[in-house]
Amino acid sequence: MKSENIYKQFDICDAVFKLGREAETEIKKYMEPIEEVSEINELKVIRAMQESGISSECMLETTGYGYNDIGRDKLEEVYARIFGTEDSLVRSQVVCGTHALTLALFGNLFPGDEIFSPVGLPYDTIQSVIGIGKNPARGSLKEYGIGFSYADLLPHEDFDYEAISKGITKKTRLISIQRSRGYARRRSFSVDEIGRLISFIRSLKKDAIILVDNCYGEYTETIEPTEVGADMAVGSLIKNPGGGIAKVGGYIVGSSECVGRAASRLTAPGLEKEVGPSLGNNLSLYQGTFTAPKVTAEAMKGAVFASWIYQYLGFDTSPGYTEKRHDIIEAITLKSKEKLMSFCKGIQSAGAVDSFVTPVPSPMPGYDSEIIMAGGSFISGSSIELSSDGPFREPYTVFFQGGLNYTHAKLGILMSVQQLLNDGLIKL
Ligand SMILES: *Cc1c(COP(=O)(O)O)cnc(C)c1O
């Protein structure tokens with residue numbers, strides 16, 4: 001069967017199919033560097049597993065306290081090797097990225113301390129953790145007397161070194177740098193840029209604890225923020241590093257001191273990393289770690305495809321398809337409610353799971369505005385799988401990400417275009 005025929009089974013018309021073909025010719029040369037990064041990272045992960053002496057015994061489960069869970073302990077050793085850190089905490093008891101960040105912050109801050117962000121306001125759910133924004137949450141850092149301030153980026157999205165110098169004070173104990181864009185329309189930062197920012201911050205305050213919110217950034221480059229001076233990097237296992245296979249989890253990699261303090265918040269002071277049963281999760285955490293670099297690359301290739309197509313259709317896309325990527329997200333500014341709904345409907349209909357569902361905007365815990373989310377994922381809420389979401393607010397930007405393989409990401413984008421076309425919202 002020819003490929004246009006199989007796309008017809010998805011009700012993709014000739015014009016949309018051809019647009020996809022054209023895109024693929026145009027983006028070919030941007031795929032190669034992504035594959036090179038992937039190869040290096042895949043080998044890095046295999047080497048880390050070999051050096052840690054991973055055995056079939058590591059895949060077994062423990063229950064109860066989880067004392068002497070060698071699978072869990074060795075996985076944490078693997079993460080420390082991959083990220084070049086002294087230690088790590090990689091647990092299925094860490095529910096999500098926000099939880100991991102919460103542990104890292106609460107574990108390493110004391111009443112009277114301040115957090116400073118040199119890259120603008122953090123991700124929506126982290127604002128709730130800090131205790132700012134429209135809905136300061138119960139139990140936030142603010143309630144414990146921990147302050148927060150930030151410097152915005154300059155208009156061209158460079159770091160505002162002057163504002164950063166002024167913003168870092170005697171009280172500043174922790175610097176929080178978000179690598180990815182989150183739901184902001186700013187760009188993501190390269191590890192190199194983060195390294196330069198860290199050097200600058202160290203010149204002002206040598207002993208600051210530097211934390212990088214690494215969500216969506218893992219394996220998009222061949223080095224990680226912990227290799228350029230960050231004390232901690234933190235993320236979610238239902239994004240890049242779980243490879244689409246981890247069923248739940250979060251990680252913190254960093255110095256023994258920082259990781260240990262975070263662990264004492266996850267479990268209890270004195271218990272730290274010694275308890276926490278892996279239950280039946282070790283196998284999927286190892287498999288996910290193993291596949292993560294490749295899956296991340298597939299998602300990045302899908303994002304390049306999305307960027308070309310939507311730029312061709314006249315929308316503002318970020319990053320552009322020729323630009324270097326430091327996370328897996330493609331932001332597409334759709335500028336209307338109808339287009340945002342239609343785009344998400346198209347992505348949803350491409351799912352291997354829940355393809356018959358129509359996404360609608362709804363309130364989400366930790367977010368200010370309503371959110372529309374599309375994603376027929378195997379793992380609930382997984383955003384390394386084909387997904388798109390966006391806050392239901394001006395300028396109606398959709399954040400597209402994932403696809404466990406490039407073909408799925410491509411199908412999703414073609415179906416979103418078809419949906420917009422069917423709804424009379426674009427012309428081809
Ligand atoms: C996803 C994300 C988080 C955490 O989100 P969870 O949904 O709790 O995993 C934090 N920061 C950024 C930049 C993110 O993209």
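This briefing covers the empty spaces in the structure and a few of its residues. The model is predicted. Its largest pocket holds about 620 Å³ of space. Of the 33 residues that line this pocket, the closest to its centre are Tyr-123, Lys-239, Tyr-367, Gly-381 and Ser-383. The structure also holds four cavities of 30 Å³ or more. Asp-69 is buried but has no salt bridge.

**Finding empty space**

- Rolling a probe the size of a water molecule over the atoms shows where empty space is left.

**The largest pocket**

- Five elements each supply at least two residues of the pocket lining: the helices α4 (97-108) and α5 (124-130), and the strands β10 (371-374), β11 (387-391) and β12 (397-401).
- Helix α4 gives the largest share of this lining, with three residues.
- By class, the pocket lining has 15 nonpolar and 15 polar residues.
- Three charged residues complete the lining of the largest pocket.

**The largest cavity**

- About 60 Å³ of space lies in the largest cavity.
- Its lining is made up of Arg-72, Leu-75, Val-90, Arg-91, Ser-92, Gln-93, Pro-277, Ser-278, Asn-282 and Leu-285.
- Helix α3, strand β1 (87-91) and helix α9 (282-312) each supply at least two of the lining residues.
- By class, the cavity lining has four nonpolar, four polar and two charged residues.

**Asp-69 and its surroundings**

- Asp-69 sits in the loop between α2 (14-51) and α3 (70-83).
- Arg-72 is the nearest side chain of opposite charge to Asp-69, at 4.7 Å.
- A salt bridge needs a side-chain nitrogen of Lys or Arg within 4 Å of a carboxyl oxygen of Asp or Glu, so a distance of 4.7 Å does not qualify.
- The side chain of Asp-69 does make a polar contact, at 2.6 Å, with the side chain of Ser-278.
- Both Arg-72 and Ser-278 are among the residues that line the largest cavity.

**Glu-42**

- Glu-42 lies in helix α2.
- Its relative accessible area is 25%, so Glu-42 counts as partly exposed.
- The cut-off for buried is under 20%, and for exposed over 50%; Glu-42 falls in between.
- Glu-42 and His-408 are 366 residues apart in sequence.
- In space, Glu-42 and His-408 are 21 Å apart, C-alpha to C-alpha.

Terms used: Residues are numbered from 1 along each chain as its sequence is written. This is a predicted model: local features need pLDDT of at least 70, side-chain atom pairs count only at pLDDT 80 or more; totals for chains, interfaces and linings use all residues. Side-chain values use heavy atoms; hydrogens and water are left out. On a 1 Å grid over the protein atoms alone, a cavity is a set of points where a 1.4 Å probe fits but cannot get out, and a pocket is an open set with protein on both sides within 12 Å along at least five of seven lines; lining residues have an atom within 4 Å of a point. Grid points are joined across faces, edges and corners, and a volume is the space filled by probe spheres set on the points. Helices (H or I, at least four residues) and strands (E, at least two) are DSSP runs, numbered from the N terminus. Ala, Val, Leu, Ile, Met, Phe, Trp, Tyr, Cys and Pro count as nonpolar, Asp, Glu, Lys and Arg as charged, and the others, Gly among them, as polar. Buried means under 20% relative accessible area, exposed over 50%, partly exposed in between (1.4 Å probe, protein chains only). Lys and Arg count as positive and Asp and Glu as negative; His and the chain ends are not counted. A polar contact is a pair of N or O atoms within 3.5 Å; within protein, one must be able to donate a hydrogen and the other to accept it, and residues adjacent in sequence count only if both atoms are side-chain atoms.
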